[in-house]
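Please walk through the model below, beginning with its ligands and moving on to the packing of the chain and a few backbone details.

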Amino acid sequence: MIEPTRIEVHPGCEAVVEFDPDLTFECVPDCTWCCHHGVLLYGKDLHELAQRESLNDPVKQLRGRDFVRREEKDRDDHVDVDDHACYFLRDDGLCALHAEHEWKPTRCSVFPLEVHVEHGDIHVSIREEAHSHCDGLDVSERRLIDHLDAFLPRLLWELDDPTTKIEL
Ligand code: SF4
Ligand code: SF4
(Lines give C-alpha, C1' and ligand atoms only; values in the text may rest on other atoms or scores of the structure.)
(Ligands and ions follow the chains in the order given, each with its own letter.)
Protein backbone atom coordinates (compact mmCIF):
# COMPACT_ATOMS: atom_id res chain seq x y z
CA MET A 1 0.00 0.00 0.00
CA ILE A 2 1.51 3.35 -1.10
CA GLU A 3 1.12 6.20 1.36
CA PRO A 4 -0.21 9.28 -0.55
CA THR A 5 2.30 12.16 -0.51
CA ARG A 6 1.48 15.83 -0.98
CA ILE A 7 3.99 17.55 -3.28
CA GLU A 8 4.30 21.13 -4.52
CA VAL A 9 4.54 20.71 -8.32
CA HIS A 10 4.59 24.41 -9.24
CA PRO A 11 4.74 27.31 -6.78
CA GLY A 12 1.39 27.26 -4.96
CA CYS A 13 0.17 24.17 -6.88
CA GLU A 14 0.14 20.93 -4.91
CA ALA A 15 -0.75 17.38 -5.94
CA VAL A 16 -1.37 14.28 -3.88
CA VAL A 17 0.84 11.54 -5.33
CA GLU A 18 -0.60 8.03 -5.12
CA PHE A 19 2.06 5.99 -6.88
CA ASP A 20 5.31 4.36 -5.78
CA PRO A 21 7.87 7.17 -5.39
CA ASP A 22 10.59 4.86 -6.73
CA LEU A 23 8.78 4.33 -10.05
CA THR A 24 10.91 5.51 -12.98
CA PHE A 25 9.91 6.59 -16.47
CA GLU A 26 11.55 7.42 -19.77
CA CYS A 27 9.44 7.55 -22.93
CA VAL A 28 10.42 4.85 -25.44
CA PRO A 29 10.33 6.53 -28.87
CA ASP A 30 9.09 3.54 -30.85
CA CYS A 31 6.20 2.76 -28.51
CA THR A 32 3.58 5.46 -29.35
CA TRP A 33 0.81 3.56 -27.55
CA CYS A 34 -0.51 6.73 -25.89
CA CYS A 35 -0.86 8.35 -29.34
CA HIS A 36 -3.59 5.94 -30.45
CA HIS A 37 -6.23 7.94 -28.61
CA GLY A 38 -8.13 11.10 -29.44
CA VAL A 39 -6.71 13.83 -27.22
CA LEU A 40 -8.95 16.25 -25.35
CA LEU A 41 -7.96 19.86 -25.99
CA TYR A 42 -8.50 22.44 -23.27
CA GLY A 43 -9.33 26.02 -24.35
CA LYS A 44 -5.71 27.15 -24.00
CA ASP A 45 -4.52 24.15 -26.03
CA LEU A 46 -6.98 24.98 -28.80
CA HIS A 47 -5.72 28.56 -28.86
CA GLU A 48 -2.07 27.44 -28.96
CA LEU A 49 -2.78 24.80 -31.61
CA ALA A 50 -4.47 27.42 -33.79
CA GLN A 51 -1.23 29.44 -33.73
CA ARG A 52 0.64 26.46 -35.20
CA GLU A 53 -1.77 24.51 -37.41
CA SER A 54 -5.12 24.89 -39.15
CA LEU A 55 -7.87 23.52 -36.88
CA ASN A 56 -10.13 22.39 -39.73
CA ASP A 57 -8.83 18.86 -40.27
CA PRO A 58 -7.35 17.79 -36.91
CA VAL A 59 -10.01 19.00 -34.48
CA LYS A 60 -13.28 17.19 -33.83
CA GLN A 61 -16.07 18.23 -31.48
CA LEU A 62 -17.87 15.71 -29.30
CA ARG A 63 -20.34 16.45 -26.50
CA GLY A 64 -19.30 20.12 -26.61
CA ARG A 65 -15.59 19.33 -26.12
CA ASP A 66 -12.74 19.64 -28.61
CA PHE A 67 -10.49 16.66 -29.39
CA VAL A 68 -7.64 15.92 -31.77
CA ARG A 69 -9.28 13.37 -33.99
CA ARG A 70 -7.95 9.92 -34.76
CA GLU A 71 -7.52 8.84 -38.38
CA GLU A 72 -6.67 5.69 -40.25
CA LYS A 73 -2.93 5.30 -40.74
CA ASP A 74 -1.56 3.33 -43.65
CA ARG A 75 1.01 1.30 -41.70
CA ASP A 76 1.20 -1.77 -39.49
CA ASP A 77 2.87 -0.33 -36.41
CA HIS A 78 2.11 2.79 -34.37
CA VAL A 79 -1.62 2.17 -34.76
CA ASP A 80 -4.40 0.84 -32.58
CA VAL A 81 -6.24 -2.42 -33.34
CA ASP A 82 -8.56 -0.50 -35.68
CA ASP A 83 -5.57 0.93 -37.65
CA HIS A 84 -6.28 4.41 -36.27
CA ALA A 85 -4.02 6.79 -34.36
CA CYS A 86 -3.82 10.47 -33.50
CA TYR A 87 -3.98 12.82 -36.48
CA PHE A 88 -0.58 14.27 -35.53
CA LEU A 89 1.27 10.95 -35.21
CA ARG A 90 3.69 10.86 -38.15
CA ASP A 91 4.71 7.76 -40.09
CA ASP A 92 8.12 7.83 -38.39
CA GLY A 93 6.43 7.46 -34.99
CA LEU A 94 7.07 11.06 -33.92
CA CYS A 95 4.45 13.61 -32.92
CA ALA A 96 4.28 16.29 -35.63
CA LEU A 97 3.43 18.96 -33.07
CA HIS A 98 6.36 18.11 -30.84
CA ALA A 99 8.84 17.54 -33.68
CA GLU A 100 7.92 20.58 -35.75
CA HIS A 101 6.66 23.06 -33.13
CA GLU A 102 8.25 21.86 -29.86
CA TRP A 103 4.80 21.89 -28.33
CA LYS A 104 2.09 19.34 -27.52
CA PRO A 105 -1.35 19.47 -25.91
CA THR A 106 -1.58 19.43 -22.11
CA ARG A 107 -3.10 15.97 -21.97
CA CYS A 108 -0.21 14.48 -23.97
CA SER A 109 2.23 15.68 -21.29
CA VAL A 110 0.26 13.99 -18.50
CA PHE A 111 0.63 10.42 -19.81
CA PRO A 112 1.36 7.88 -18.22
CA LEU A 113 -0.13 9.64 -15.22
CA GLU A 114 -3.81 9.97 -14.43
CA VAL A 115 -5.34 12.94 -12.66
CA HIS A 116 -8.48 13.00 -10.58
CA VAL A 117 -9.85 15.47 -8.06
CA GLU A 118 -10.82 14.63 -4.48
CA HIS A 119 -12.11 17.30 -2.08
CA GLY A 120 -10.62 20.00 -4.32
CA ASP A 121 -7.14 18.42 -4.44
CA ILE A 122 -5.48 17.10 -7.58
CA HIS A 123 -4.55 13.43 -7.07
CA VAL A 124 -2.04 11.75 -9.37
CA SER A 125 -1.72 8.03 -10.02
CA ILE A 126 -0.43 5.81 -12.82
CA ARG A 127 -3.01 5.16 -15.50
CA GLU A 128 -4.19 1.58 -15.15
CA GLU A 129 -3.64 0.64 -18.83
CA ALA A 130 -0.13 2.15 -18.71
CA HIS A 131 1.10 -0.73 -16.56
CA SER A 132 0.55 -3.13 -19.45
CA HIS A 133 0.97 -0.83 -22.48
CA CYS A 134 3.42 1.97 -21.68
CA ASP A 135 6.95 0.72 -22.43
CA GLY A 136 8.54 3.61 -20.56
CA LEU A 137 7.80 2.53 -16.98
CA ASP A 138 10.74 1.26 -14.94
CA VAL A 139 13.29 1.28 -17.76
CA SER A 140 15.49 4.15 -16.57
CA GLU A 141 16.85 5.89 -13.47
CA ARG A 142 14.54 8.92 -13.87
CA ARG A 143 12.07 8.93 -11.00
CA LEU A 144 8.66 10.19 -12.05
CA ILE A 145 8.10 11.89 -8.73
CA ASP A 146 11.17 14.12 -9.28
CA HIS A 147 9.83 15.51 -12.58
CA LEU A 148 6.15 16.05 -11.89
CA ASP A 149 6.28 19.59 -13.28
CA ALA A 150 7.03 18.12 -16.73
CA PHE A 151 3.97 15.85 -16.60
CA LEU A 152 1.52 18.16 -14.88
CA PRO A 153 1.34 21.57 -16.61
CA ARG A 154 0.28 24.44 -14.35
CA LEU A 155 -2.87 24.78 -16.51
CA LEU A 156 -4.35 21.74 -14.72
CA TRP A 157 -4.74 23.79 -11.53
CA GLU A 158 -6.67 26.48 -13.45
CA LEU A 159 -9.28 24.11 -14.92
CA ASP A 160 -12.75 23.44 -13.53
CA ASP A 161 -12.28 19.74 -14.32
CA PRO A 162 -8.69 18.54 -14.85
CA THR A 163 -9.63 14.86 -14.64
CA THR A 164 -8.02 12.75 -17.35
CA LYS A 165 -10.94 10.33 -17.69
CA ILE A 166 -12.46 12.24 -20.64
CA GLU A 167 -11.41 10.63 -23.95
CA LEU A 168 -12.58 10.58 -27.53
S1 SF4 B 1 2.87 4.77 -23.95
FE2 SF4 B 1 4.57 5.46 -22.61
S3 SF4 B 1 6.50 4.85 -23.60
FE4 SF4 B 1 4.82 4.67 -25.08
S5 SF4 B 1 4.93 6.61 -26.21
FE6 SF4 B 1 3.43 6.85 -24.56
S7 SF4 B 1 4.54 7.70 -22.80
FE8 SF4 B 1 6.07 6.90 -24.29
S1 SF4 C 1 -0.75 15.27 -30.28
FE2 SF4 C 1 1.23 14.26 -30.51
S3 SF4 C 1 1.79 13.49 -28.46
FE4 SF4 C 1 -0.39 13.97 -28.47
S5 SF4 C 1 -1.42 12.02 -28.98
FE6 SF4 C 1 -1.14 13.16 -30.88
S7 SF4 C 1 0.81 12.42 -31.73
FE8 SF4 C 1 0.74 11.83 -29.58
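Ligand 1 sits in the largest pocket of this predicted model. Around ligand 1 are F25, C27, V28, C31, T32, W33, C34, F111, C134, D135 and G136. By class, this shell divides into eight nonpolar residues, two polar and one charged.

The space taken by ligand 2 is likewise the largest pocket. The residues around ligand 2 are C35, V39, C86, F88, L89, C95, L97, P105 and C108. Nine residues of this shell are nonpolar, with no polar and no charged residue.

Two residues of the shell around ligand 1, T32 and F111, also carry backbone details. T32 is not a glycine, yet its phi is positive, at about 65 degrees. T32 belongs to the loop between β2 and β3, the latter spanning 39-41. Its relative accessibility is 7%, so T32 counts as buried, the limit being under 20%. F111, for its part, is joined to P112 by a cis peptide bond, with omega about 10 degrees. P112 is placed in the loop between α3 (106-110) and β8.

The next topic is the nonpolar packing. The largest nonpolar core holds 28 residues, and those that touch the most other members are F19, L113, I126, L137, L144, L148 and L152. Four elements give two or more residues to this core: β2 (13-17), β8 (113-118), β9 (121-126) and α5 (148-151). Of these, β9 gives the most, with three residues.

What does L152 touch, leaving aside residues up to four places away in sequence? The contacts of L152 are V9, H10, A15, V110, L113, V115, V124 and W157. One of these, L113, is itself listed among the core residues that touch the most other members.

Apart from this core lies another, of 12 residues, with L41, V59, V68 and C86 among them. C86 has already appeared in the text, as one of the residues around ligand 2.

F67 is found in strand β5, which covers residues 65-68. Is F67 buried or exposed? With a relative accessible area of 1%, F67 is buried, because the value falls under 20%. F67 and L40 are 27 residues apart in sequence, and their C-alpha atoms are 4.4 Å apart in space.

P11 offers another pair of positions separated along the chain. P11 has its place in the loop between β1 (5-10) and β2. At a relative accessibility of 63%, P11 counts as exposed, because that class begins over 50%. Between the C-alpha atoms of P11 and R154 the separation is 9.2 Å, although the two residues are 143 residues apart along the chain.

One further backbone detail concerns D83. Phi of D83 is near 65 degrees, a positive value in a residue other than glycine. D83 is found in the loop between β6 (70-72) and β7 (84-86). Its relative accessibility is 36%, so D83 counts as partly exposed, between the 20% and 50% limits. T32, which also has a positive phi of about 65 degrees, is by contrast buried at 7%.

How values were computed:
Residues numbered from 1 in each chain as written. Chains lettered and ligands numbered in written order. Predicted model: local features only at pLDDT ≥ 70, side-chain atom pairs only at ≥ 80, totals over all residues. Heavy atoms only, no water. Core = buried A, V, L, I, M, F, W, Y, C linked by side-chain atoms within 4.5 Å. Buried < 20%, exposed > 50% of the residue type's maximum accessible area, 1.4 Å probe, protein only. Contact = heavy atoms within 4.5 Å. Near = heavy atom within 4 Å. 1 Å grid on protein atoms, 1.4 Å probe; cavity = no way out; pocket = protein on both sides within 12 Å on 5 of 7 lines; lining within 4 Å. Sits in = over half its atoms within 2 Å of the grid points. Nonpolar A, V, L, I, M, F, W, Y, C, P; charged D, E, K, R; others polar.
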